[in-house]
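Dear colleague,

I am passing on the structure we spoke about, and I would be glad if you opened it beside this message while you read.

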Amino acid sequence: MATLVPQPASLSSKSKIVYVDHLKVILTVLVILHHTFITYGAPGGWYYFQKTTNEFAKIPLTLFVSVNQSFFMGLFFFLSAYFIGPSYEKKGPRKFLADRLLRLGLPLVFYSLVLGPFMNYLVYYFGKGHHISFPQFLSGYDDWIDFGVLWFVAALLLFTIVYVLVRITFKNLNIKPLSVPNALAIVLFAASVGVISFLVRLVFPVGWVLHPVGFQPGHFSQYIALFTLGLVASKNNWLNTISDITGKRLGLLAARLLLFFPLFFVIEKLTHMEGSWWSGGPHWQALLYAVWEQVIGFSIIVGLLSRGRRLWNNPSARISKLSRYTFAVYIFHPLVIISVTLAISGFNIEPALKLLFVAPIVVTLSFVLGRMIVSIPGVNKIV
């Protein structure tokens with residue numbers, strides 16, 4: 001069965017990391033909520049919007065997606081990389097690459113050629129009021145290569161191909177073992193990733209998208225760093241050796257940095273800056289935000305991993321089932337969000353209040369649909 005993050009069972013029984021199932025479910029729920037929050041007022045790109053105009057409501061919405069963005073996709077890359085090595089060793093380069101091309105490539109084709117056009121049609125018909133048939137819509141459709149939310153799958157496939165090429169090229173490369181880093185080392189590394197992100201954003205500010213694949217280079221410094229760290233962590237068994245003290249310290253640091261977030265609004269008012277300066281450009285505010293983003297993101301990741309090992313490392317049939325659905329949920333959750341938000345778009349309710357009603361519904365329906373998808377014979381071998 002294919003998932004965004006391979007099952008922990010791919011490792012030996014001695015090194016099984018059962019709590020990865022919990023993390024996959026949590027991260028997938030955050031992905032659904034992230035896009036639902038954007039629909040109703042948080043900053044970011046999406047298919048359909050009903051943005052709130054309430055400035056006070058925008059603050060918690062912005063906080064949620066900003067903190068989310070700081071860690072959730074990076075942790076997906078880290079976990080994916082953590083299990084790539086054992087799978088590569090078991091299957092060999094040819095079979096491993098063929099398997100990845102099938103299980104990651106087919107969803108990309110399906111999303112781009114089938115699901116994406118259909119969702120855009122729903123928005124065009126019901127959201128924008130252009131009442132034409134689906135064939136008529138397709139006759140003028142020109143976004144046939146559009147990975148949408150599956151940009152992550154495309155990036156993971158790209159990273160995986162690079163990994164295979166490196167393994168084939170440097171077959172006898174002997175890498176010295178590395179001990180698990182302490183809290184200070186992690187913070188310094190995160191800050192350095194923040195500086196690199198700031199430099200990248202001088203050219204590619206947050207929000208700049210590489211079409212048609214959907215990559216945002218402004219975030220890729222973290223993704224590349226965490227994918228690489230996932231490989232290193234797997235080789236050195238870091239998830240089984242990281243100190244609880246390190247996890248607690250970084251969890252506490254993340255909480256403190258979260259309290260710092262309102263100061264960004266104060267800085268914006270006091271310096272009379274453009275809001276776009278946070279996203280990139282030669283501004284000290286962009287540097288401050290980039291470093292804050294990476295330090296809080298890495299701190300949350302380590303805190304979650306540490307907490308997972310302490311509290312969630314026992315098998316759970318329910319969580320295991322939900323985890324099994326996560327790849328299908330990831331692929332199809334945009335359809336659920338778009339359908340539900342369009343269905344209630346005519347209700348004259350403050351969008352921020354709609355969010356409170358819609359969020360639990362779209363999370364529930366996304367997992368229900370995911371369960372239905374993985375029960376389809378043949379499809380369950382891909383997703």
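Below is what was found in it, beginning with the whole protein and ending with one helix.

Please keep in mind that this is a predicted model. The protein contains 15 helices and zero strands, and its C-alpha trace spans about 60 × 60 × 40 Å along the principal axes. A compact globule of 383 residues would have a radius of gyration near 21 Å, and because the protein has 21 Å, the two values agree.

As for how the chain is packed, 51% of the 383 residues count as buried. If you take the contacts between residues at least 6 apart in sequence, 79% of them join residues that are at least 24 apart.

Turning to the surface, the protein exposes about 18400 Å², of which carbon and sulfur atoms supply 67%. There are 30 positive and 12 negative side chains, and the centres of these two sets lie 16 Å apart.

The helix to look at is H1, which covers residues 20–40. Its 21 residues, counted at 1.5 Å a residue, should span 30 Å, and since the C-alpha atoms at its ends are 30 Å apart, the expected span and the one in the model agree. H1 is also mostly covered, with 19 of its 21 residues buried, that is, under 20% relative accessible area. After H1 comes glycine 41, and the phi of this glycine is positive, near 150°.

With best wishes

Notes. Residues are numbered from 1 along each chain as its sequence is written. This is a predicted model: local features need pLDDT of at least 70, side-chain atom pairs count only at pLDDT 80 or more; totals for chains, interfaces and linings use all residues. Side-chain values use heavy atoms; hydrogens and water are left out. Helices (H or I, at least four residues) and strands (E, at least two) are DSSP runs, numbered from the N terminus. The radius of gyration is taken over C-alpha atoms; the globule rule is 2.2 Å times the number of residues to the power 0.38. Buried means under 20% relative accessible area, exposed over 50%, partly exposed in between (1.4 Å probe, protein chains only). Contact means heavy atoms within 4.5 Å. Accessible areas come from the Shrake-Rupley method with a 1.4 Å probe; for residues, only the protein chains shown count as cover. Lys and Arg count as positive and Asp and Glu as negative; His and the chain ends are not counted. The place of a charge is taken as NZ of Lys, CZ of Arg, CG of Asp or CD of Glu. The expected span of a helix is 1.5 Å times one less than its number of residues.
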